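Me: Here is a chain I would like to reason through with you, asking at each step what supports the wording.

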Amino acid sequence: MLCKSSVEALAAETSDTVCLGVGLHSGYGAAQRMYVLRGYVPDGSGVWYEGCACGTNMRRA
């Protein structure tokens, strides 16, 4: 099993950008904190669902 540092190094060989998604539910809190502590910066685009940014108070039909 590759550790996060190894995977990041492999990705850096071919790209200067890595995109990932982490859930917003509190159950994902540990992952959210881990990525921020590793230097990942949220892009500020908000919540996405099925390829579209969700609007304020948007609900799934």
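Me: What makes the lining of the largest pocket count as 12 nonpolar, 5 polar and 1 charged residues?

Reply: The model is a predicted one, and the classes follow from residue type: Leu, Val and Pro count as nonpolar, Asp as charged and Gly as polar. Among the lining residues closest to the centre of the largest pocket are Leu 20, Val 22 and Pro 42, together with Gly 21 and Asp 43, so under these classes Leu 20, Val 22 and Pro 42 are nonpolar, Gly 21 is polar and Asp 43 is charged. Over the whole lining, the count is 12 nonpolar, 5 polar and 1 charged.

Me: How large is the largest pocket, and which element gives the largest share of its lining?

Reply: The volume is about 640 Å³. Of the 18 lining residues, 3 come from helix 2 (residues 29-37), which is the largest share.

Me: What is the order of the elements from the N terminus on?

Reply: The chain has 2 helices and 2 strands, and they run α-α-β-β.

Me: How do you know whether the radius of gyration of the chain fits a compact globule of 61 residues?

Reply: The globule rule is 2.2 Å times the number of residues to the power 0.38, and for 61 residues it gives a value near 10 Å, whereas the chain has 14 Å. The chain therefore does not match the rule for a compact globule. Its C-alpha atoms fill a box of roughly 40 × 25 × 20 Å along the principal axes.

Me: What share of the residues in the chain is called buried?

Reply: Buried means under 20% relative accessible area, and 2% of the 61 residues meet that cut-off. The accessible surface of the chain comes to about 5,600 Å², with 58% of it belonging to carbon and sulfur atoms.

Notes. Residues numbered from 1 in each chain as written. Predicted model: local features only at pLDDT ≥ 70, side-chain atom pairs only at ≥ 80, totals over all residues. Heavy atoms only, no water. 1 Å grid on protein atoms, 1.4 Å probe; cavity = no way out; pocket = protein on both sides within 12 Å on 5 of 7 lines; lining within 4 Å. Points joined across faces, edges and corners; volume = space filled by probe spheres on them. Helix = DSSP H or I, 4+ residues; strand = E, 2+ residues; numbered from the N terminus. Buried < 20%, exposed > 50% of the residue type's maximum accessible area, 1.4 Å probe, protein only. Areas by Shrake-Rupley, 256 points an atom, 1.4 Å probe, with all protein chains shown as cover.
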